[in-house]
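Here is a friendly walk through one protein model, written for someone who thinks at the bench. Have the structure open beside you as you read.

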Amino acid sequence: MNKRTIHTHAAALLAFSLIVNAMDSESTTSHKYRSNDMNTLTLTQEWDKTFPLSSRVKHSKITFHNRYGITLAADLYRPADAPAGRLPAIAVCGPFGAVKEQAAGLYAQTMAERGFLTIAFDPSYTGESGGQPRYVVSPDINTEDFSAAVDYLSTRDDVDPERIGILGICGWGGLAINAAAADPRIKATVASTMYDMSRVNANGYFDADDSAEARNILRKELAAQRTEDYRNGFQKPGGGVPDVLPDDAPQFLRDYYDYYKTPRGYHPRSLNSNQGRNATTPIPFINFPLMSRAGEIENAVLIIHGEKAHSRYFGEDAFKKLKGGNKELMIIPGASHVDLYDNLKVIPFDKIEAFFNSNLK
């Protein structure tokens with residue numbers, strides 16, 4: 001495996017890691033949701049998260065659809081003692097190789113404890129959400145998933161449509177910034193421990209392979225894989241976090257392993273915990289610059305990163321593109337990339353709460 005392939009493999013696999021005919025559903029009793037293309041979403045009803053259910057929230061499963069007709073599955077968290085009237089709301093997604101039962105759900109539940117109505121959703125083609133083929137990625141459609149969440153929240157009777165924010169973790173942090181650039185209904189955006197998936201797939205880690213020559217080698221490898229996939233009739237999985245770490249594994253890979261492959265964060269539907277996304281995942285990101293319109297975001301943005309995160313440069317460089325006095329960069333001393341997935345002593349929830357309270361009003 002050459003250097004370029006190693007960088008690409010790591011970027012694609014480790015960073016990530018059905019319109020409903022009837023009314024979009026909020027239920028803890030109904031198990032299946034019928035869509036107009038005759039596919040069915042089957043939503044798990046038992047509590048299967050990597051964190052305990054809080055007594056301070058009310059939880060339910062819901063579905064909503066995006067502009068492309070794909071039905072998305074989500075967990076909804078509402079403050080147990082919510083006052084009458086409309087609440088501010090936050091849609092949460094990520095990390096890129098995770099499902100809503102992992103870090104996104106933890107963030108969503110914690111923010112619901114603090115007074116927000118929240119949803120943690122599985123993106124298109126992933127987890128309990130719809131979309132075929134499975135485990136593919138699209139920067140366009142996955143950006144749209146955030147706006148679809150805003151569509152859903154805006155039409156709820158218990159949500160104030162003028163007070164909706166989004167929160168993206170890891171690769172979904174970059175997608176959240178792209179969504180904020182496209183959708184002015186998003187009044188505040190938090191990108192936590194973000195990746196710029198376009199940059200890492202096109203340039204490799206730390207831009208080590210940022211050349212036309214390297215990208216063209218990659219394009220040829222991916223094109224050959226497409227041909228093989230078509231011939232075989234299925235898309236080859238790219239592989240998640242390895243079951244056994246090599247002796248020379250870098251620290252960030254060890255951190256991913258500690259989260260995705262141990263009881264701490266393992267989930268049977270998680271891509272990084274299992275077979276990963278499809279091997280051709282880098283294709284759409286190479287020519288899709290996620291940060292190209294970041295400087296046009298008028299609403300508030302908060303980027304959070306760990307001081308020791310290998311991905312810190314993505315957040316710092318994204319922040320440089322932002323304009324206006326309502327943009328913030330917060331570096332957490334001593335924190336790694338994965339610390340911001342689930343370490344409640346490290347994730348700055350007080351700051352996140354204050355940021356949303358200040359900008360969703």
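Let us start with a charged pair. E101 and R269 form a salt bridge, and their closest N and O atoms are 2.9 Å apart. This pair links distant parts of the chain, 168 residues apart: E101 sits in the loop between β6 and α2, while R269 sits in the loop between α7 (251-260) and α8 (282-286). E101 is buried, with a relative accessible area of 0%, whereas R269 is partly exposed at 22%.

Bear in mind that this is a predicted model. The chain averages a pLDDT of 90, and 89% of the residues score at least 70. Residues 1-39 deserve caution, as pLDDT stays under 50 there. The model still has 124 contacts beyond four places in sequence for that stretch.

**Salt bridges**

The model holds 28 salt bridges. Three of them are set out here.

| Salt bridge | Closest N to O distance |
|---|---|
| E101 and R269 | 2.9 Å |
| R215 and D210 | 2.8 Å |
| R312 and E316 | 2.7 Å |

In the pair of R215 and D210, the arginine is buried, with a relative accessible area of 17%, and D210 is partly exposed at 45%. The R215 value counts as buried because the cut-off is under 20% relative accessible area.

Why are R312 and E316 separated by about one helical turn? They are 4 residues apart in helix α9 (residues 312-321), so about one turn of the helix lies between them. R312 is partly exposed at 26% relative accessible area, and E316 is partly exposed at 25%. Elsewhere, salt bridges that share partners join D48, K49, K61, D75, K100, E101, D122, E128 and R269 into one network. The pair of E101 and R269 described at the start has both of its residues in this network.

**The nonpolar core and helix α11**

In soluble globular proteins, nonpolar side chains tend to be buried together. Here the largest nonpolar core has 93 residues, and those with the most contacts inside it are F64, I352 and F356.

Which residues of helix α11 (residues 349-359) are buried? They are F349, I352, F355 and F356. These residues cover an arc of only 125 degrees around the axis, so they lie on the same side of α11. What covers them includes β6, α2, β8 (159-169), β9, β10 (300-306) and β11 (327-332).

F356 is worth a look in the viewer. Leaving out residues up to four places away in sequence, F356 touches I90, M111, F116, G165, I166, L167, A188 and V190.

**A buried methionine in a loop**

Is M194 buried or exposed? M194 is buried, with a relative accessible area of 0%, although its place is in the loop between β9 (188-192) and α5 (197-203). Apart from neighbours within four places in sequence, M194 is in contact with C170, G173, G174, I177, M291, I303, I304, H305, S311, F314, G315 and A318. The C-alpha atoms of M194 and A176 are separated by 9.4 Å, with the two residues 18 places apart along the chain.

**Cysteines**

C170, one of the contacts of M194, is itself buried, with a relative accessible area of 0%. C93 is buried too, at 1% relative accessibility. How many disulfides does the structure hold? The count is 0.

**Backbone features to check**

Most residues other than glycine have a negative phi, and most peptide bonds are trans. Several places in this model depart from that pattern.

The peptide bond from G94 to P95 is cis, with omega near -5 degrees, and P95 lies in the loop between β6 (87-93) and α2 (103-113). Another cis peptide bond runs from Q132 to P133, again with omega near -5 degrees. P133 belongs to the loop between β7 (117-121) and α3 (139-154).

For positive phi, look at F206 and D207. F206 has a phi near 55 degrees, and the phi of D207 is near 60 degrees. F206 lies in the loop between α5 and α6 (212-232), where D207 is also found. F206 counts as exposed at 53% relative accessibility, while D207 is partly exposed at 25%.

Definitions and conventions:
Residues numbered from 1 in each chain as written. Predicted model: local features only at pLDDT ≥ 70, side-chain atom pairs only at ≥ 80, totals over all residues. Heavy atoms only, no water. Helix = DSSP H or I, 4+ residues; strand = E, 2+ residues; numbered from the N terminus. Buried < 20%, exposed > 50% of the residue type's maximum accessible area, 1.4 Å probe, protein only. Contact = heavy atoms within 4.5 Å. Core = buried A, V, L, I, M, F, W, Y, C linked by side-chain atoms within 4.5 Å. Arc of directions from axis to C-beta. Disulfide = S-S within 2.5 Å. pLDDT = per-residue confidence, 0-100. Salt bridge = Lys/Arg side-chain N within 4 Å of Asp/Glu carboxyl O.
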